[in-house]
Structure formats: C-alpha cells, structure tokens
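Colleague: Take me through this fold, sheet by sheet. I will ask, you reason.

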Amino acid sequence: WGIRQISDLTWVTPPPAGPVSQAVELLEALGAVQGSVITERGREMLRLPSHPRIAHMLIEARHAGQDNVGALALATDIAAILEERDPMPRGTGADLSLRIELLRRWRKGERPSGERNFLERIERLALSWRHIFGIQVDNSVVSDSQVGKWLMAAYPERIAKQTEKHGERYKMVNGRTARLPEHDPLHREPWLAIAQVDAGIHEGKIFMAAPILAEDLIPLAVEKEMVSWDADREMVVASLELRLGNLVLSAKPLTKIGEEKKVEVFCAILREKGLSLLNWQEEQSAWQARVLSLRRWRPEEGWPDVSDENLRNTAEQWLAPFLLNLYKRSELQKLDLNTILPTLLPWQLNSRFPQLAPARMAVPSGSMIKLNYFPDGRPPVMEVRLQEVFGLMETPAVNDGRNKVVMHLLSPGYKPVQVTQDLKSFWTNTYAEVRKELKTRYPKHSWPEDPWTAEAVRGAKRKR
C-alpha cells in the first residue's frame, strides 16, 4: 500500500502508542524492520506461521547450518514448547533445558514425569516444524547453553545478567529486573535468556529461562566509550565497555576523556546536585539576587534569568568553556565564579550593573554598607546603625532612583530600632522617642537632639 507508518492509516480507534512503540522496537531488535522498512530477514520471517520471535529463532538456527549440527532440530523443539503449555509439574524449576530433556526422553519411549497430553501436543507441533524445514527428529542430549543460545535469538531484550553471585535477581538488556523462584538451580548461572517473565510491580518473576555462555554474547555486543560521574571519588571517569543494551560484558578504564563528553557529565551532575557542586557562596547568591531584581525592575532591557534552576539547566552554555581541563569536584571548587558569572551579562548591561544595583552604598559616616537584594524584586534592605546615618535627609534608592531602599536602622548593639522607606519621616516623627528610650541604655554613643545636622559616627562618642 506504500504506507510505512502505522499512524498514517485511518483508524476508528488508533492503537495505543506505547504498545505500538514496543512492537516496533522488538521488530527492529529481531532485524525484521529497519527505518520503518521491512528487511529481507523480515520477509523471511513472514513466510513462517509463527510469532516473529519464534520465526527469528528458527531462521537463526537454520542459518547456523553445518557449523552447528542439530541446531535447527533443537530450535524446533524449543519453538514447540514455547507455543504450548508447560509439560512439567509446577515447582520443577525455570530451566527450559529440563523441558527439552523431558520431550526427547519421552520421544525415545521413556516415561518420565510429565503431562502426557501436553507432550503429545508439543510433539505434534515440533513435527510440523520439522516437516516445514525438511529435517529429521533429533533426540540427542544437548547442553543448557545450547538451549540458551537459541532462546536468546527469540528474546534478545530479555538476555539477563545476575546482579550478584548466586543471587535470585537478574537485570535484563531492556533495563528491567527479574527474579528467579527461591532455590531454583539456575541461581548458579551468571547469564540467562528469559522466555517467560511476568510484568511485576517492581520486578518480574521468571518462569522459564535457560543459561547462556558469555562468549556467545560477544557477537551481539557493541563496544562503547562510557563517561560517568564517580560519586565516591567525586570525579569524571571513563571506560571502554563491551555492552549489550543496559548490560556490561567487560570494561577497561580510560585515562583520556573527550572534552565534549566530560562537559556533558559535569553539567548533568550539576543539574542533579545543584550549584553547591561549585564553590557557590553568599557572594554569588548576592550577585544573583541583584541581577534577578533588575530583571524584574527593567523587563524591557533583557536582563538574563540567573535563577538556580536556569543556571543548572543552561550550564552547557555558560560554564562549559571553563570545564575543559577539569576532572574532579575539587577542581570545580577552585573556579573563579566572580570572573565567570559576569560573562552571563551582555556588555552594555554589565557596564551599567554596578550603578543600577550597587552591592554597597556609602552612608554619611563613611562606611560602605551592604545592600541585601531579593530574587523576587522586593526592595533591597540596608542594615545600618542609626548613628551612621545622621544628616542623611532622603532614603537611598537604587535602579536610577526608581526603587527606594528599606532601611533597617539598628541600635549600637545591632538590634533593630526602626524599619522604614521614609527616612525624613523617621527623623521628624519617631527619632525623639527612640533617642529617649536608648540614650540611657547606650550612654557612650551620640544621641543629638537634631539628627539633621549632627555628625554621623561609626562608634561611640570620641573623648575630647
């Protein structure tokens, strides 16, 4: 029909996207589809009356030819068992090899334990497969790993590696975790091909599987350079890994790491851990609040978003050039952020920044008092002792005089006395009461009756 995407068909009810995506992924893994186009292997699979998994396994075994005598006969037996009900009693164990052994012994006239009706149905199906391929029955003894080799051709995404020696849990190529029943003899096997596993809530339960030799996985594996963050050593590390999906067959460390991948890891860990990964101090947070205040006060000028979240998400843009020769967190801590952060501001904004949002302001005493800004654009706060602002008529302002500072006027003991944005009103209406209350408590400090003309001082009154 010329249609290659399932979404291009006209559906009464479109199939759910998740299962369709999984089906396409499986067909690609089996080599049946490539780039939405059926392959020659896919056409070969279509000619067999079975599920694509079974068809792929049978074709793989047939192509093994003389290099693996009996491979196709074994694959037909595996196919028949997988397509019928389990012939062995419940609790026998998950090993598919036991079912192959049972079937072949039964065909030789023995009467091993097993469901006769199921065995007869399995044999009828196996016989039909042998007729299709024109091969003779084979009742020879096979190894567990031979069964596993052909089983993984049908379930490539369920190749699984034991998470710990002789443990019950296995991690599959697709990233899922599955678990063998307790005391199952397959616990001794480090690698499995899993045929039957339930969905599970957190992990699947394995019902049928077979062992695999690690050497049989090598032709399927891909060599890949992996760069990651070593949380214990707090540094970027790299290794050359032989990988099968999410599983690692072997790995060797690399000393030379590509700059691009190293930067990717640094930026990823920065997004995860936050700006504390750098030597981020109060000084940087203060700069950040000043810029964000201007961003709110002057939205038309394009002041950048330097919030924590945006800095983490855009680290590749502003931090990457400074990471090229680094490897460790200790080296990150040595970065000069006071040099790096100003590069986030365009030149024309950077040149006006100190005037529009000064970090400190001079007061009549001669002190340079810190201003505390806020990311949400609230008025900045100046905490200053009362005696240092005698003679200051008007409340200081920032942002070209548009935003008045909130004055936190302090006693000589640095206790809050008054919070105001109207200094003139404080001198006129409130100062006399404050003077009366504090003069006896701090007799060594200046408490003039006229704060308008009094000399501002930093400490106690000078002795004459």
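What follows is a set of questions and answers on a predicted model.

Colleague: In what order do the strands of the open sheet run?

Modeller: The open sheet has 5 strands, with mixed pairing. Strand E11 (360-362) and strand E17 (416-420) each pair on one side only, as edge strands. Neighbouring strands are turned by 30° against each other on average, direction ignored. The order is E11-E12-E13-E16-E17.

Colleague: How many bridges join E11 to E12?

Modeller: E11 and E12 run antiparallel. Met361 has Ile369 in E12 as its bridge partner. Their hairpin has 5 residues between the strands, and there Gly366 takes a positive phi near 100°. The number of bridges joining E11 to E12 is 3.

Colleague: Which side chains of E12 point to one face and are buried?

Modeller: In a regular strand the side chains alternate between the two faces of the sheet. Strand E12 (residues 368-372) shows that alternation. Met368, Lys370 and Asn372 point to one face and are not buried. Pointing to the other face, and buried, are Ile369 and Leu371.

Colleague: Does E13 run parallel or antiparallel to E16, and over how many bridges?

Modeller: Start on the other side of E13. Strand E13 (residues 381-385) pairs with E12 in the antiparallel sense over 2 bridges, and Asn372 has Val381 as its bridge partner there. Towards E16, Val384 stands opposite Leu409. E13 and E16 run parallel, and the number of bridges is 5.

Colleague: Why is E13 described as largely enclosed by the rest of the structure?

Modeller: Burial here means under 20% relative accessible area. E13 has 5 residues to count. It is largely enclosed because the number of them that are buried is 4.

Colleague: Which helix packs on the sheet, touching E16 and E17?

Modeller: Strand E16 (residues 406-410) pairs with E17 in the antiparallel sense over 4 bridges. Leu409 stands opposite Gln418 in E17. The helix touching both strands spans residues 423-439, and its direction makes about 170° with that of E17. It is H16.

Colleague: Which residues touch the most other members of the largest nonpolar core?

Modeller: In soluble globular proteins, nonpolar side chains tend to be buried together. The largest nonpolar core here has 65 residues. Leu386 touches, among others, Leu409, Phe426, Tyr431 and Trp447. The residues touching the most other members are Leu278, Leu323, Met382 and Leu386.

Colleague: How many residues are in the other core?

Modeller: This core lies apart from the largest one. Its members include Ala75, Ala126, Ala153 and Ala154. The number of residues is 51.

Colleague: In what order do the strands of the closed barrel run?

Modeller: The barrel has 5 strands, with mixed pairing. Its neighbouring strands are turned by 55° against each other on average, direction ignored. Strand E3 (residues 159-162) and strand E4 (residues 169-172) run antiparallel, joined by 3 bridges, and Ala160 stands opposite Met172. The order is E3-E4-E5-E7-E6.

Colleague: Which helix lies across E3, E6 and E7?

Modeller: Strand E7 covers 204-211. The helix runs at about 120° to E7 and spans residues 144-154. It is H7.

Colleague: Is Glu189 buried or exposed?

Modeller: Glu189 sits in the loop between strand E5 (177-179) and strand E6 (191-197). Beyond four places in sequence, Glu189 touches Gln162, Tyr170 and Pro211. The cut-off for burial is under 20% relative accessible area. Glu189 has 16% relative accessibility, so the residue counts as buried.

Colleague: With which side chain does the side chain of Asp77 make a polar contact?

Modeller: Asp77 lies in helix H4 (residues 71-83). Asp77 counts as buried because its relative accessibility is 1%. The residues it touches beyond four places in sequence include Arg104, Arg107, Arg130 and Asp138. The polar contact, at 2.8 Å, is with the side chain of Arg107.

Colleague: How far does helix H9 reach from its first C-alpha to its last?

Modeller: Helix H9 (residues 259-273) has 15 residues. Gly274 follows H9, with a positive phi near 95°. The expected span, at 1.5 Å a residue, is 21 Å, and the helix comes close to that. Its reach is 21 Å.

Notes: Residues are numbered from 1 along each chain as its sequence is written. This is a predicted model: local features need pLDDT of at least 70, side-chain atom pairs count only at pLDDT 80 or more; totals for chains, interfaces and linings use all residues. Side-chain values use heavy atoms; hydrogens and water are left out. Two strands pair if DSSP finds at least two bridges between them. Axes are lines fitted to C-alpha atoms, for helices over the stretch in contact, and angles run from 0 to 180 degrees between N-to-C directions. Contact means heavy atoms within 4.5 Å. Buried means under 20% relative accessible area, exposed over 50%, partly exposed in between (1.4 Å probe, protein chains only). A polar contact is a pair of N or O atoms within 3.5 Å; within protein, one must be able to donate a hydrogen and the other to accept it, and residues adjacent in sequence count only if both atoms are side-chain atoms. The expected span of a helix is 1.5 Å times one less than its number of residues. A nonpolar core is a set of buried Ala, Val, Leu, Ile, Met, Phe, Trp, Tyr and Cys residues joined through side-chain atoms within 4.5 Å.
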